[in-house]
Number of protein chains: 2
Amino acid sequence: MLTGREFCVTRIEKTNTSASLPQKCQHCTMRHAGLCATLTAPEMVQFNAMSHTKHFSAGQLIRLEGEPVSFYANVISGAAKTIKSTHDGRQQIVGLILPGDFIDRVFVEHAPCSVEAMSDMELCAYPRGRFEAIVKKDPDLEHRLLTLALDDLDQAEEWMLLLGRKTAREKVASFLLLLARRSHHFSCPHLVSERQAFAGPLTIHIPMTRNNMADYLGLTTETVCRQMTSLRKDGVIDLPDNHCFTCPDIERLEQEADR
Amino acid sequence: MLTGREFCVTRIEKTNTSASLPQKCQHCTMRHAGLCATLTAPEMVQFNAMSHTKHFSAGQLIRLEGEPVSFYANVISGAAKTIKSTHDGRQQIVGLILPGDFIDRVFVEHAPCSVEAMSDMELCAYPRGRFEAIVKKDPDLEHRLLTLALDDLDQAEEWMLLLGRKTAREKVASFLLLLARRSHHFSCPHLVSERQAFAGPLTIHIPMTRNNMADYLGLTTETVCRQMTSLRKDGVIDLPDNHCFTCPDIERLEQEADR
DNA sequence: CCGGAGCACTGATCTGGATCAGAATGGCAG
DNA sequence: CTGCCATTCTGATCCAGATCAGTGCTCCGG
């Protein structure tokens, strides 16, 4: 079995062989493999030199809101959430962090949100000081970081539409679609055509509990459950087990998600 | 009366005399006066050289989603909204653009959202090509733009908590609080203490219709109206007329907004 | 002056999703 | 194996906010 470090390096090398990869997919508006995909060979060497693998187990806190940030990291495996909460305890997940994503905002002294692992995670971590030193000397790299931040903003705005205006069923469908697109990406970004990869009903892992889904969608656990069974009964998805689903017809799911 | 151009220049000069202003207020997490506040004297000269005033009237479209971007701009007066909508017409305002804000994301070829004026507006516009050329040659300026994008992301995440987890009353209160903080900023950023400035019940302008408020808060017009009258009856705010309010006790309003 | 359009507001009713309650399942420790 | 706990799921009920319907106000053009 590979260690996280090896895996990370492998990915960087692979993505760099296939010349200038676009940062965004024209079909799904998702970014591909985050920062790593944009690194040049010399940058890659620098980052690898200072990287080390970190592990977190499900439920563990990676960052606490307001605490000083000590490292940045690429997610190798697992999933995390960034949380905001009202003072009386209602909470809203404001960001999903999946394999290929970067934690967290560059040049922000203190963490703007808490980050918590939703499953066991493997990170490729970079010490904050050394990471920022490299970025400061490389305007082009900073430009790419700016672009990534703008992509995050895009996604946040898309999610505001979901939270403010979509029904429970549309919310759940949109979420499953997001997972489908993200899982697909990370496994084979740009190597096969979108449609081809979506053709077969591939199995998609849901790396979190129904409760976390609810907190991400602005719903309750019960409502998420009901919508999941409703989508299953209507043949939109299959649910072989609690943490997996397959989708026989992605276009149908897109329709359910509305946008 | 001043023209927009004169006003914009005046502000730039004023903010630059008072040495390195912080970009964020420690009390309210809002950014102050956007890009302008961070410009150095030589940058200011460059920007002024290529700026020209643009006017838009209420309801006019400033950007159409997906269309190529031809200019960036600082807002001098008035208010605009950025919109996302489902394919069946439900719409959600994902961003408020108020005086001091910057339109729009740098280095994004095509507009990610439509932008529409909600009142008559005066902009200080910069042609896209020339603006980007300046930024590309100035890594430090790009760094500041990155920081602004991250601030926008912060605000978007705060709004996700509101959309997903707050009640109608809390939503309306949060919105009024946002307006109060923003109006106050633009008039006197960092020149007086927050508390002092908030002490008197200053009158705050609401630069949009109830319908736009609803689209920003993920509610209906009717619910916004009801919550406004409810807050008035409970003495949280006064409503001298439809597009103004005063707040006798900001802390009370903060409590109603929950966070 | 009137008439019409747009906006703010209010009352009555309806309903999607929250809340409450409990059953079924599965994983794990002993 | 048994017992415990966390999680998923389902049913019954409730209620915040949507929907529907109508009033009053202001602005504006003729």
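Trainee: What makes strand S3 (residues 71-77) of chain A and S8(A) a pair?

Mentor: Two strands pair if DSSP finds at least two bridges between them. S3(A) and S8(A) are joined by 6 bridges, in the antiparallel sense. So they count as a pair. One facing couple is Asn74(A) and Cys124(A) of S8(A). As background, this is a predicted model, where local features need pLDDT of at least 70, side-chain atom pairs count only at pLDDT 80 or more, and totals for chains, interfaces and linings use all residues. Residues are numbered from 1 along each chain as its sequence is written, chains are lettered from A and ligands numbered from 1 in the order in which they are written, and side-chain values use heavy atoms, with hydrogens and water left out.

Trainee: How many bridges join strand S1 (residues 52-56) of chain A to S8(A)?

Mentor: There are 5, and these strands run antiparallel. Here His55(A) stands opposite Glu122(A) of S8(A).

Trainee: Why is S8(A) called largely enclosed?

Mentor: Buried means under 20% relative accessible area, exposed means over 50%, and partly exposed lies in between (1.4 Å probe, protein chains only). In S8(A), residues 121-127, 6 of the 7 residues are buried, so the rest of the structure largely encloses this strand.

Trainee: Why are S9 and S10 of chain B said to stand at the edges?

Mentor: The open sheet has 3 strands in the order S9-S11-S10 (chain B), paired antiparallel. S9 (203-205) and S10 (238-241) each have a single partner strand, so one side of each lacks a neighbour in the sheet. The twist averages 30° from one strand to the next. S10(B) is joined to S11 (residues 244-246) of chain B by 2 bridges. One partnership is Asp238(B) with Thr246(B).

Trainee: How do you know that helix H8 (residues 221-233) of chain A has close to its expected span?

Mentor: The expected span is 1.5 Å times one less than the number of residues. H8(A) has 13 residues; its C-alpha reach, first to last, is 18 Å, close to the 18 Å expected. A helix here is a DSSP run (H or I) of at least four residues; a strand is a run (E) of at least two. H8(A) therefore qualifies as a helix in length.

Trainee: Why do the buried residues of H8(A) line one face?

Mentor: They are Val224(A), Gln227(A), Met228(A) and Leu231(A). Down the axis of H8(A), they fall within an arc of 105°, so they line one face. The face turned away carries exposed Arg226(A) and Lys233(A).

Trainee: What makes a residue count as near DNA strand C?

Mentor: One of its heavy atoms must lie within 4 Å of the strand. There are 16 such residues, and among those that come nearest are Ala168(A) and Arg226(A). Sugar and phosphate make up 68% of the atoms of DNA strand C within 4 Å of the protein. The largest share of this surface, 4 residues, comes from H8(B).

Trainee: How do you know that Arg226(A) makes a polar contact with DNA strand C?

Mentor: A polar contact is a pair of N or O atoms within 3.5 Å; extra conditions apply within protein. A polar side-chain atom of Arg226(A) lies 2.8 Å from a base oxygen of DNA strand C. That distance therefore meets the cut-off. Arg226(A) also has a polar side-chain atom 2.9 Å from a base nitrogen of DNA strand D.

Trainee: Which element gives the largest share of the surface near DNA strand D?

Mentor: H8(A), with 4 residues.

Conventions
The arc is that of the directions from the helix axis to the C-beta atoms. Axes are lines fitted to C-alpha atoms, for helices over the stretch in contact, and angles run from 0 to 180 degrees between N-to-C directions. A polar contact is a pair of N or O atoms within 3.5 Å; within protein, one must be able to donate a hydrogen and the other to accept it, and residues adjacent in sequence count only if both atoms are side-chain atoms.
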